[in-house]
Amino acid sequence: QVQLVESGGGSVQAGGSLSLSCAASGDTYSSNYMGWFRQAPGKEREGVAAIVTGGGRTAYADSVKGRFTISQDNAKNTMYLQMNSLKPEDTALYYCAAARRVEWLLLNPYKYDYWGQGTQVTVSS
């Protein structure tokens with residue numbers, strides 16, 4: 001089992017920045033892949049960014065490329081999402097997720113086994 005706790009959400013104006021953190025604990029063998037996902041009201045959950053925790057592959061949704069950066073600190077078992085140049089369409093509940101194995105399609109939420117409680121990000125125009 002893996003426990004995930006997100007933090008860092010808030011409300012900002014368009015063009016602003018936020019940093020999200022995800023602290024992981026429990027079975028480290030079940031968190032080889034980690035990612036950030038978001039869900040807006042009336043929409044399906046979508047992948048934002050993902051990373052192989054061993055330091056290999058990363059993936060970003062086209063809508064956030066060049067604006068968001070995913071990173072991790074393995075010693076602290078923490079994953080981060082730096083969000084710059086925020087847009088109103090980025091408004092959503094952001095979730096941290098983990099999986100033991102994904103291999104491909106890192107932004108597919110159905111491949112992930114463990115989820116945090118979510119943190120709200122609101123961007124106003």
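## Exercises on an all-strand model

S85 sits in the loop between strand 8 and strand 9, where strands are DSSP runs of E with at least two residues and helices are runs of H or I with at least four residues, both numbered from the N terminus. The model is predicted, so that local features require a pLDDT of at least 70 and side-chain atom pairs count only at pLDDT 80 or more, whereas totals for chains, interfaces and linings use all residues. Residues are numbered from 1 along each chain as its sequence is written, and side-chain values rest on heavy atoms, with hydrogens and water left out.

**Exercise 1.** Describe the backbone and the exposure of S85.

*Solution.* Begin with the backbone: S85 is not a glycine, yet its phi is positive, at about 50 degrees. Then turn to the surface, where S85 has a relative accessible area of 41% and is therefore partly exposed; on this scale buried means under 20%, exposed means over 50% and partly exposed lies in between, with a 1.4 Å probe and protein chains only.

**Exercise 2.** State how many helices and strands the protein has, and compare its radius of gyration with that of a compact globule.

*Solution.* Counting the elements gives 0 helices and 11 strands, so the order from the N terminus is simply β-β-β-β-β-β-β-β-β-β-β. For the size, a compact globule of 125 residues would have a radius of gyration near 14 Å, and the 13 Å of the protein agrees with this; the radius is taken over C-alpha atoms, and the globule rule is 2.2 Å times the number of residues to the power 0.38. Along the principal axes, the C-alpha atoms fill a box of roughly 40 × 25 × 25 Å. As a last step, consider the packing: 42% of the 125 residues count as buried, and among contacts (heavy atoms within 4.5 Å) with a separation of 6 or more, 58% join residues 24 or more positions apart.

**Exercise 3.** Trace the network of salt bridges that includes R38, and say how exposed its members are.

*Solution.* As background, side chains of opposite charge can pair when their charged atoms come close. A salt bridge here is a side-chain nitrogen of Lys or Arg within 4 Å of a carboxyl oxygen of Asp or Glu, and by this rule the protein has 5 of them. One of these joins R38 to E46, with an N to O distance of 2.8 Å; R38 is buried at 5% relative accessibility, while E46 is partly exposed at 31%. Another joins R67 to D90, also with 2.8 Å from N to O. R67 lies in the loop between strand 6 (58–60) and strand 7 (68–73), and D90 in the loop between strand 8 (78–83) and strand 9 (92–99), so this pair ties together parts that are 23 residues apart in sequence. Both partners are buried, R67 at 10% relative accessibility and D90 at 1%. Putting the pieces together, R38, E46, R67 and D90 are linked in one network.

**Exercise 4.** Locate E103, then describe its phi and its salt-bridge partner.

*Solution.* E103 is found in the loop between strand 9 and strand 10 (114–115). Its phi is near 75 degrees, a positive value in a residue other than glycine. The side chain of E103 forms a salt bridge with that of R101, at 2.0 Å from N to O. Finally, compare the accessibilities: E103 has a relative accessible area of 30% and is partly exposed, whereas R101, with 60%, is exposed.
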